[in-house]
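Opening the notebook on a new model today. I want to go through the loops, the helices and the packing, and jot down what turns up.

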Amino acid sequence: MRWLSWRLSTMVRSWDVTYPCYIEHDPESGTYGGFCVDLPVFVAGKASVEEARKALEEGVAYYLAHLEVEERPFPRPGATPPPDLEEERDRLIPVEIRPSPVNPVSLAIEKALRRKGLKRKDLAERMGVPPSVVTRILDPLYFGHTLSTLRRVAEALEKDLVVAFR
């Protein structure tokens, strides 16, 4: 059996990268939204600039986590020229977005699932849980994994679970 392993010292995965994005105010609804220039990340309907920024940070984290699981390279920040936004400049707030930290355990489980050739519904069936439980387990912004749940995941994936203190 292969080992599904994680270390407590790396329970948070961060990427040291920032991406150029814009936050905009919608005067009709009074809400804020935003988009990233280099990534397919968009948010809308946020009550404040801070909420829009947090949603962009999470969106960037989700996208980078997806790329990491698929073992694809990250886009280089600033690789795409900003769109021609001259008419919108008065509504746009340029921001540099650093992705939210993610849980490497979720990423490791997702990678193991893919290597095994299983879908999320397969894992749910093997664990005897609703698909929503697997969705939560695989969410890279979820940090509530219990040891009991990780044991069940490892068992369902026919892997050994190793917890190490170094």
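**Entry 1: a loop residue.** I started with Glu71, which counts as exposed because its relative accessibility is 66%, and the cut-off for exposed is over 50%. I placed Glu71 in the loop between H1 and E5. Its backbone caught my eye: phi of Glu71 is near 55 degrees, a positive value in a residue other than glycine. Note to self: this is a predicted model.

**Entry 2: another positive phi.** I then looked up Glu158, which also isn't a glycine and has a positive phi of about 55 degrees. Glu158 comes after H5, in the loop between H5 and strand E6 (160-164). Is Glu158 buried, exposed or in between? Its relative accessible area is 46%, so I put Glu158 down as partly exposed.

**Entry 3: the overall layout.** Stepping back, I counted 5 helices and 6 strands in the protein. Going along the sequence, I read the order as β-β-β-β-α-β-α-α-α-α-β. The C-alpha trace spans about 60 × 30 × 30 Å along its principal axes. Of the 166 residues, 39% are buried. I also checked how far contacts reach: among those between residues at least 6 apart in sequence, 67% join residues at least 24 apart. For the accessible surface I have about 9800 Å², with 51% of that belonging to carbon and sulfur atoms.

**Entry 4: the largest core.** Which residues have the most contacts inside the largest nonpolar core? I noted Trp15, Cys36, Leu56, Val60 and Leu64, in a core of 22 residues. Strand E2 (19-26), helix H1 (49-69) and strand E5 (92-97) each supply at least two of the core's residues. H1 gives the largest share, 9 residues. I picked Val60 for a closer look and, leaving aside residues up to four places away in sequence, found that Val60 touches Tyr19, Cys36, Leu39, Val41, Ile97 and Pro99. Apart from this core there is another, of 17 residues, and Val105, Leu118, Leu150 and Val153 are among them.

**Entry 5: helix H4.** Next I went to H4, residues 131-138, and listed its buried residues: Val133, Val134, Ile137 and Leu138. They sit on the same side of H4, because the arc they cover around the axis is only 130 degrees. What do the buried residues of H4 pack against? I found helix H2 (104-115), helix H3 (120-127) and helix H5 (147-156).

**Entry 6: helix H5.** That sent me to H5, where Leu150, Val153, Ala154 and Ala156 are buried. Their arc around the axis is only 165 degrees, so they too share one side of their helix, H5. On the other side of H5, I found Arg151 and Glu155 exposed. I'd already met two of the buried residues of H5, Leu150 and Val153, in the core of 17 residues.

**Entry 7: a nonpolar patch.** Last item: the surface. I found a nonpolar patch of about 310 Å², made by Leu147, Val163 and Phe165. Leu147 belongs to helix H5. With a relative accessibility of 39%, Leu147 counts as partly exposed, since buried would need under 20% and exposed over 50%.

Key. Residues are numbered from 1 along each chain as its sequence is written. This is a predicted model: local features need pLDDT of at least 70, side-chain atom pairs count only at pLDDT 80 or more; totals for chains, interfaces and linings use all residues. Side-chain values use heavy atoms; hydrogens and water are left out. A nonpolar core is a set of buried Ala, Val, Leu, Ile, Met, Phe, Trp, Tyr and Cys residues joined through side-chain atoms within 4.5 Å. Buried means under 20% relative accessible area, exposed over 50%, partly exposed in between (1.4 Å probe, protein chains only). Helices (H or I, at least four residues) and strands (E, at least two) are DSSP runs, numbered from the N terminus. Contact means heavy atoms within 4.5 Å. The arc is that of the directions from the helix axis to the C-beta atoms. Patches are made of residues with over 30% relative accessible area and no salt bridge: like charges are joined within 9 Å, nonpolar side chains (Val, Leu, Ile, Met, Phe, Trp, Tyr) within 5 Å. Accessible areas come from the Shrake-Rupley method with a 1.4 Å probe; for residues, only the protein chains shown count as cover. A salt bridge is a side-chain nitrogen of Lys or Arg within 4 Å of a carboxyl oxygen of Asp or Glu.
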